[in-house]
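This report describes selected features of one protein model. The sequence and structure are shown first, and the description follows.

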Amino acid sequence: MLMGPGSTGPLNARLIAAAYRDEQEATDKVLRLGSAIDAYLFASPVPYEFARKAGVLTMPATYVPLGGASLHEALLRATLDERLDPTRASLDVLSRTDVVEAYSEVDLPVDGIHVHEELTSIAQLTSFHEGLWRRKSTRMAITCVRGVAERLESMGVPAMRLRPTNAGVRSALQTAGLLGAHHRLEEAQLGVVIVDVPTLRDSSRRSTPRYWRDELRLSLQRLLLQEAHRINATAHPVDDHTFMVTATRGSLVSATEGFRQPPFVERIKAELGIAIEVGIGMGRTTQDAEAHARAALSRAQATRQSFAVDREGRSLVPAQRAPQRQAAEPLRTKGRETLLRLSEKIAEEDGPLVVDAENAGRMLGVTPRTARRLLRTLVEEGLAWPLPPNRTLQPGRPRQLYRLILEKLDKDKASK
């Protein structure tokens, strides 16, 4: 890290060291650093390959190459040592093409070299070098893996470990800096989230009280403003049932777990008992991002596929399977059964169509907490409307009222 800038001037980045005793520990180091890193720079292709194969590289990554100048330096040291013969050597991890090119550049023959290109376990690489040496096929081993070099030396096998050169480190640092800067630019690109509220959209077509729609809209806007503030974004209403959140890609990545979970859905469902639909779009301008977000929303509503698209209109996450009918059927059946039981009790008692958790629990024979959950299920299925809380002068939480839509049961009977 100290030799990195060198004569090229200071690197415009903060370097964070993650030391390890064994190259295989690189995977754990990457997981510990998490998303706080803009780019990873590995000391050699060995830890990079371990991390890549483990699937933990979610940020741009590169490594200090051990071919080229590093291999030339090793060949020079071997040539100056009378005990070593680089023309009869075994090499690992590097590609045979790179090895042949490096040998040719210093006019060394390649007939007596053996290359193990694939990165395998330390035991397998050690066995590869040791076997060739004991069969007199080679006189030395050149390895990229420190653990292999240590084992070979303990066995008496002449071994040399490739090390990065200062120039190689400086060049790799500059490359990592460019990768990190590009990643920062990608994270800073504009993103728009379109939030559509089916409850408000559908209720506008019915004779739903306007004051109820206004209060629900205000409650939604308050929650979205809180969520937007948390991710350094802005939120504002677009029309009676749609809201728009403007943010950066970086903030949306953290809010959506890498575009795997739609934002805001769980909190709004938990606090207001309603479902929302979300579309996310990227763009060079707000207009482009909004157009992509609306396209993503339409796609998600129609096919249940990806809810986020990039600046080119391509999906940011793999398409998800549409929910199977068998999985959704029990929810609808349960909701209609709840509504049917409530309608029977209301008919017996000649009661009103507006209930709260206390009344619903009494009629269903369950606790108010369970009744509250069942009423939210009715709202999600469009079988009830949440009305504004019944505010009173008495202390405590105001009652949440629900208007049961018994007309849905009549329509089902008519269709049958």
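## A parallel sheet

In what order do the 4 strands of the open sheet lie, and is their pairing parallel or antiparallel? The order is β4-β3-β5-β6, and the pairing is parallel. β4 (114-116) and β6 (159-161) are the edge strands, each pairing on one side only. From one strand to the next, the twist averages 15°. The model is a predicted one.

Strand β3, residues 89-92, runs parallel to β4 and is joined to β4 by 3 bridges. One residue pair across these strands is Ser90 with His114, the bridge partner in β4.

## Helices on the sheet

Helix α4 (residues 96-105) packs on this sheet and touches β3, β4 and β5 (140-143). The direction of α4 makes about 135° with that of β3.

A further helix, α6, spans residues 146-155 and lies across β3, β5 and β6. Relative to β6, helix α6 runs at about 160°.

## Strand β7 and its partners

Strand β7 covers residues 190-196, and 6 of its 7 residues are buried, so the strand is mostly covered. β7 pairs with strand β9 (residues 242-248) in the antiparallel sense, over 7 bridges. Within this pairing, Val193 stands opposite Val245 of β9.

β7 also pairs with β10, again in the antiparallel sense and over 7 bridges. Here Leu190 has Gly283 of β10 as its bridge partner.

## Helix α11

Which residues of helix α11 (residues 265-272) are buried? They are Val265, Ile268 and Leu272. These residues lie on the same side of α11, because they cover an arc of only 75° around the axis. The spacing fits a general rule: an α-helix has 3.6 residues a turn, so residues three or four places apart point the same way.

The buried residues of α11 pack against two elements, α9 (210-230) and β10 (277-283). After α11 comes Gly273, which has a positive phi, near 70°.

## Thr199 in helix α8

Thr199 is located in helix α8, residues 198-203. Is Thr199 buried or exposed? Its relative accessible area is 14%, under the 20% cut-off, so Thr199 counts as buried.

Leaving aside residues up to four places away in sequence, Thr199 touches Trp212, Leu216 and Ile274. Of these contacts, Ile274 is 75 residues apart from Thr199 along the chain, and the C-alpha atoms of the two residues are separated by 7.1 Å.

## Aromatic cluster and Ser44

How many aromatic pairs does a search of the whole structure find? The search finds 3. Phe42 and Tyr48 form an edge-to-face pair, with 5.9 Å from centre to centre and 70° between the planes. Both residues are buried: Phe42 has a relative accessibility of 7%, and Tyr48 has a relative accessible area of 16%. Ring pairs link Phe42 and Tyr48 with Tyr40 and Tyr63 into a cluster.

Ser44 sits in the loop between β1 (40-42) and α2 (45-54). Its relative accessible area is 8%, which means that Ser44 is buried under the 20% cut-off. With residues up to four places away in sequence not counted, Ser44 touches Tyr63, Val64 and Leu66. Tyr63 is thus named twice here, as a contact of Ser44 and as a member of the ring cluster.

## The protein as a whole

The secondary structure of the protein comes to 16 helices and 14 strands. The protein has 416 residues, of which 40% are buried. Among contacts with a separation of 6 or more, 56% are between residues 24 or more positions apart.

The accessible surface comes to about 23100 Å². Carbon and sulfur atoms account for 50% of this surface.

Notes: Residues numbered from 1 in each chain as written. Predicted model: local features only at pLDDT ≥ 70, side-chain atom pairs only at ≥ 80, totals over all residues. Heavy atoms only, no water. Pairing = 2+ DSSP bridges. Axes fitted to C-alpha atoms, helices over the stretch in contact; angles between N-to-C directions. Contact = heavy atoms within 4.5 Å. Buried < 20%, exposed > 50% of the residue type's maximum accessible area, 1.4 Å probe, protein only. Arc of directions from axis to C-beta. Phe/Tyr/Trp six-rings, centres within 6.5 Å; stacked < 30°, edge-to-face > 60°. Areas by Shrake-Rupley, 256 points an atom, 1.4 Å probe, with all protein chains shown as cover.
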